[in-house]
Number of protein chains: 2
Amino acid sequence: MVIVTDDTADNKQTMDNLLKYIRSLTSFSETSWELLQPALTKKTFKKKELLLEQGQVCNSLFYIDNGYCKSYYDIDGVQKNTGFFFENEIATNINSFGSGQKSGFNIVACEPLIAIVFDKDKLFQATKQTHEIETLGRNCIRLFATKQEEFSTLFKLYSAQERLEYLEAKYPEMLQRVSLSQLASFLGVARETLSRIRKRRTLA
Amino acid sequence: MVIVTDDTADNKQTMDNLLKYIRSLTSFSETSWELLQPALTKKTFKKKELLLEQGQVCNSLFYIDNGYCKSYYDIDGVQKNTGFFFENEIATNINSFGSGQKSGFNIVACEPLIAIVFDKDKLFQATKQTHEIETLGRNCIRLFATKQEEFSTLFKLYSAQERLEYLEAKYPEMLQRVSLSQLASFLGVARETLSRIRKRRTLA
DNA sequence: TTTATCCTGTGATAATAGTCACATAATTAA
DNA sequence: TTAATTATGTGACTATTATCACAGGATAAA
């Protein structure tokens with residue numbers, strides 16, 4: 001028995017994953033998919049490799065096929081994490097991408113990463129061809145907005161411990177894959193504090 | 001000299017404001033503007049009147065022409081503010097509007113409010129007619145996402161005092177128009193704490 | 001394997017923020 | 001105008017979190 005595992009087959013799988021993701025968001029014809037192709041490039045990143053660097057303009061959307069990445073600000077040499085992006089999510093700086101302003105944060109691969117990069121200019125070309133691509137874009141941004149709103153609300157409504165419990169309930173994968181110190185930064189608490197909160201919870 | 005101040009003139013002014021706002025976001029032809037009309041209704045709200053109620057599905061976008069409103073969660077009878085929306089902003093629950101899920105929060109007029117309501121179904125009809133309306137929608141959501149991201153980042157990067165200073169620098173209008181106790185909730189601190197932070201700052 | 005690096009846990013202490021109580025000021029309604 | 005309501009300031013005290021220091025464990029690289 002021969003199992004095909006060459007690059008071509010891998011690429012096909014990755015592209016299939018993306019199409020499946022897209023179709024989970026909106027109806028998407030074969031024609032739209034063909035029109036979208038010129039905007040797409042498969043790309044791999046090594047662990048710790050930057051997808052986006054602070055000070056640069058973000059001209060890409062990154063569909064995460066495998067691995068995960070995070071966004072972070074560098075504040076006086078300390079990394080403050082603001083988001084984690086796993087499989088079947090889009091990572092980007094939506095503000096920089098949309099407005100052309102410089103990005104205030106970095107995006108870095110936390111594991112070896114397989115992504116499909118959407119080129120902004122080519123995507124906008126494709127967008128003009130069909131409503132489906134435009135609708136896709138709108139839905140992607142809406143999901144992004146919803147998530148941001150969700151996390152910003154977390155801080156207004158809940159204590160650090162409640163925020164942790166929320167993530168445990170709603171994003172268990174994040175807890176599994178992200179280290180305590182990385183998560184602490186995202187939750188806006190010191191790692192020591194998160195360690196103690198976790199201990200309190202396992203005792204109680 | 002006769003100054004025309006009847007309803008018709010008022011409506012025209014409000015509509016003109018909206019068109020100006022739209023054209024600040026994207027190019028928008030007279031044709032698109034005409035196509036959009038069926039989706040629009042001018043509406044006024046009294047102070048404390050609800051634009052959106054928790055548990056209802058949000059089927060509207062509210063362009064704020066005059067006055068301001070806020071979004072808040074009711075947690076055990078206590079109002080926790082999550083957003084303020086002033087003139088030339090769009091207030092809505094983007095998640096509920098986009099997904100059809102019930103809203104988890106309320107939106108209420110904090111002053112007598114003049115708004116233009118976008119009806120969802122009619123807006124979607126209009127969206128199919130021209131790319132410009134779809135692009136407008138995408139830009140509105142992007143602005144919304146950017147703002148949510150900005151505020152959620154605030155909590156991860158800054159202390160309560162730094163968050164206040166950020167608002168003072170970037171959204172001075174909010175400080176002017178929103179009372180201390182309302183703002184405290186938005187900043188995720190007790191009103192007493194915000195009062196003391198403010199005192200510390202005026203002394204220093 | 002061995003070293004180096006990173007991650008986690010924990011004590012001690014300081015800083016920050018929350019809660020309760022109450023006085024006063026400001027605003028709104030009668 | 002007066003009364004009622006709402007908003008703010010502040011003291012006292014408690015709770016939570018940050019910071020520093022250091023030890024031990026896990027992981028990765030040589």
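Which residue's side chain does a polar contact of 3.0 Å join to the side chain of B:Ser103? The partner is B:Asn93, where a polar contact denotes a pair of N or O atoms within 3.5 Å; within protein, one must be able to donate a hydrogen and the other to accept it, and residues adjacent in sequence count only if both atoms are side-chain atoms.

## Basis of the model

This is a predicted model, in which local features need pLDDT of at least 70 and side-chain atom pairs count only at pLDDT 80 or more, while totals for chains, interfaces and linings use all residues. Residues are numbered from 1 along each chain as its sequence is written, chains are lettered from A and ligands numbered from 1 in the order in which they are written, and side-chain values use heavy atoms, with hydrogens and water left out.

## The environment of B:Ser103

B:Ser103 is located in the loop between helix H3 (94-99) and strand S7 (106-109) of chain B. Helices (H or I, at least four residues) and strands (E, at least two) are DSSP runs, numbered from the N terminus. The residue is buried, at a relative accessible area of 3%; buried means under 20% relative accessible area, exposed over 50%, and partly exposed in between (1.4 Å probe, protein chains only).

Besides the side chain of B:Asn93, a polar side-chain atom of B:Ser103 has the backbone oxygen of B:Phe105 at 2.7 Å. Leaving aside residues up to four places away in sequence, B:Ser103 touches B:Leu52, B:Glu53, B:Gln54, B:Gly55, B:Gln56, B:Asn93 and B:Ser96, contact being heavy atoms within 4.5 Å.

## Strand S3 of chain B

Strand S3 (residues 60-66) of chain B is largely enclosed by the rest of the structure, because six of its seven residues are buried. Two strands pair if DSSP finds at least two bridges between them. S3(B) runs antiparallel to strand S8 (residues 113-119) of chain B, with six bridges joining them; B:Ser60 stands opposite B:Asp119 in S8(B). Pairing with strand S6 (residues 90-91) of chain B is also antiparallel, over two bridges, and here B:Tyr63 faces B:Ile90.

## Surface near DNA strand C

DNA strand C is surrounded by 17 residues, the closest being A:Leu180, A:Ser181, A:Arg191, A:Arg196 and B:Thr193; a residue is near a strand if one of its heavy atoms lies within 4 Å of it. Of the strand C atoms within 4 Å of the protein, 41% belong to sugar or phosphate and the rest to bases. By class, the surface has four nonpolar, five polar and eight charged residues (nonpolar: Ala, Val, Leu, Ile, Met, Phe, Trp, Tyr, Cys and Pro; charged: Asp, Glu, Lys and Arg; polar: the others, Gly among them).

Phosphate oxygens of strand C lie 2.8 Å from a side-chain N or O atom of A:Ser181 and 3.0 Å from a polar backbone atom of B:Ala190. A base oxygen is 3.3 Å from an N or O atom in the side chain of B:Arg196. H9(A) gives the most to this surface, with six residues.

## Surface near DNA strand D

For DNA strand D, 17 residues form the surroundings, and A:Thr193, B:Leu180, B:Ser181, B:Arg191 and B:Arg196 are the closest. Sugar and phosphate account for 43% of the strand D atoms that come within 4 Å of the protein. H9(B) supplies the largest share of this surface, six residues.

Base nitrogens of strand D lie 2.7 Å from a polar side-chain atom of B:Arg196 and 3.3 Å from a side-chain N or O atom of A:Glu192. A phosphate oxygen is 3.2 Å from a polar side-chain atom of B:Arg198.
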